[in-house]
Amino acid sequence: MNKVIAIANQKGGVGKTTTTVNLGIGLANEGKKVLLIDCDAQGSLTKSLGYQEPDKLDITLSTLMQKSYEEQPIEKGEGILHHEEGVDLVPANIELSGMETALVNIMSRERVLKNYIDSVKNEYDYVLIDCTPSLGMLTINSLVAADEVIIPVQAHYLPAKGLEQLVSTVSKVRRQINPGLKIGGILLTMVDRRTRYAKDVSSVIRLNYAKYVKIYKTEIPLSIKAAETSAVGKSIFTYDKKGIAADAYRNFTKEVLDDAKQRNKHRPEHTR
């Protein structure tokens, strides 16, 4: 069984890309076959995996989405890059910003990314989408393509407020286009355990949302090493494997895998 997970939050700087990289490579370390999709025109995920000049890449997500909506054939493995830590990547660059505009005039515009992912996902156990920091058409495409969404939230009050808008968007996509979409959970990131402030924000989020949405037990600590990984093109497991952030992402990966096992147990036999 394969699973498509969107990592989404319209607020930038909350750890979406870092989470995508380290969850993806964490899953690969557990023996899963993983595809990461960069759905942000800034190419943050692409750069974080060592491709520092994404604008020089010939084939990116924009190319593949265009081929998909123009119903052109896409060759097996076309545009997919292979990272040394065992994950595959569909990269992105500035061309993707034009795709946001182009999608407005396309029939079934919310499903273009889904159509592409459906053509490749059977090769993988997990497909993770690093969403753009907005609630525009590319994020809607990601939510339509996904089975679930993980929401990284920085342990500050203002980023936490934006949660309501995102949860509302997810609900709307579920009602109107993708009834199978679930919120996998909220992941608290950049938590400074030395301060009472971070503990207070964590408590407020758990108090306000835990009744409606799963909040992962794991909290990702504030870590300079984790921030540095994007510059070196490696995961935290390679860059600082004994550090606190690596431990946290290992635990988070296990939570995601455990959730998948639990959900699979409750699915009817014929859908597994």
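This passage describes the fold, the nonpolar cores and selected local features of a predicted model.

The secondary structure of the chain consists of twelve helices and eight strands. Along its principal axes, the C-alpha trace spans about 55 × 40 × 40 Å. The radius of gyration is 18 Å, which agrees with the value near 19 Å for a compact globule of 272 residues. Of these 272 residues, 52% count as buried. The accessible surface of the chain comes to about 13,000 Å², and carbon and sulfur atoms contribute 49% of that area. Among contacts in the chain with a separation of 6 or more, 78% are between residues 24 or more positions apart.

In soluble globular proteins, nonpolar side chains tend to be buried together. In the present model, the largest nonpolar core holds 52 residues, of which Met-65 and Ile-117 touch the most other members. Helix α6 (residues 137–145) supplies the largest share of this core, with six residues. A second, separate core has 30 residues, among them Val-34, Tyr-216, Ala-245 and Ala-246. When residues up to four places away in sequence are not counted, Ile-117 touches Val-4, Ile-37, Val-127, Ile-129 and Ala-145.

Ala-145 is also one of the buried residues of α6. The others are Met-137, Leu-138, Thr-139, Ile-140, Asn-141, Ser-142, Leu-143 and Val-144. Because nine of the nine residues of α6 are buried, the helix is largely enclosed by the rest of the structure. Val-144 and Gly-180 are 36 residues apart in sequence, and their C-alpha atoms are 9.2 Å apart in space. Gly-180 is located in the loop between α8 (163–176) and β7 (182–191). With a relative accessibility of 40%, Gly-180 counts as partly exposed.

Helix α9 (residues 196–209) comprises 14 residues. From its first C-alpha to its last, α9 reaches 20 Å, close to the 20 Å expected at 1.5 Å a residue. The buried residues in α9 are Ala-198, Val-201, Ser-202, Ile-205 and Tyr-209. Viewed down the helix axis, these buried residues fall within an arc of 100°, so they line one face of α9. Arg-196 and Leu-207 are exposed on the other side of α9.

Ser-68 is placed in helix α3 (residues 61–69). Its relative accessible area is 16%, and Ser-68 is therefore buried, the cut-off being under 20%. Leaving aside neighbours within four places in sequence, Ser-68 is in contact with Ile-74, Val-112, Asn-115 and Tyr-116.

Two non-glycine residues with positive phi were also examined. Glu-71, in the loop between α3 and β3 (81–82), has a phi of about 55°. The relative accessibility of Glu-71 is 73%, so Glu-71 counts as exposed. Met-190 has a phi of about 50° and lies in strand β7. Met-190 is partly exposed, with a relative accessible area of 27%.

Terms used:
Residues are numbered from 1 along each chain as its sequence is written. This is a predicted model: local features need pLDDT of at least 70, side-chain atom pairs count only at pLDDT 80 or more; totals for chains, interfaces and linings use all residues. Side-chain values use heavy atoms; hydrogens and water are left out. Helices (H or I, at least four residues) and strands (E, at least two) are DSSP runs, numbered from the N terminus. Buried means under 20% relative accessible area, exposed over 50%, partly exposed in between (1.4 Å probe, protein chains only). Contact means heavy atoms within 4.5 Å. The expected span of a helix is 1.5 Å times one less than its number of residues. The arc is that of the directions from the helix axis to the C-beta atoms. A nonpolar core is a set of buried Ala, Val, Leu, Ile, Met, Phe, Trp, Tyr and Cys residues joined through side-chain atoms within 4.5 Å. The radius of gyration is taken over C-alpha atoms; the globule rule is 2.2 Å times the number of residues to the power 0.38. Accessible areas come from the Shrake-Rupley method with a 1.4 Å probe; for residues, only the protein chains shown count as cover.
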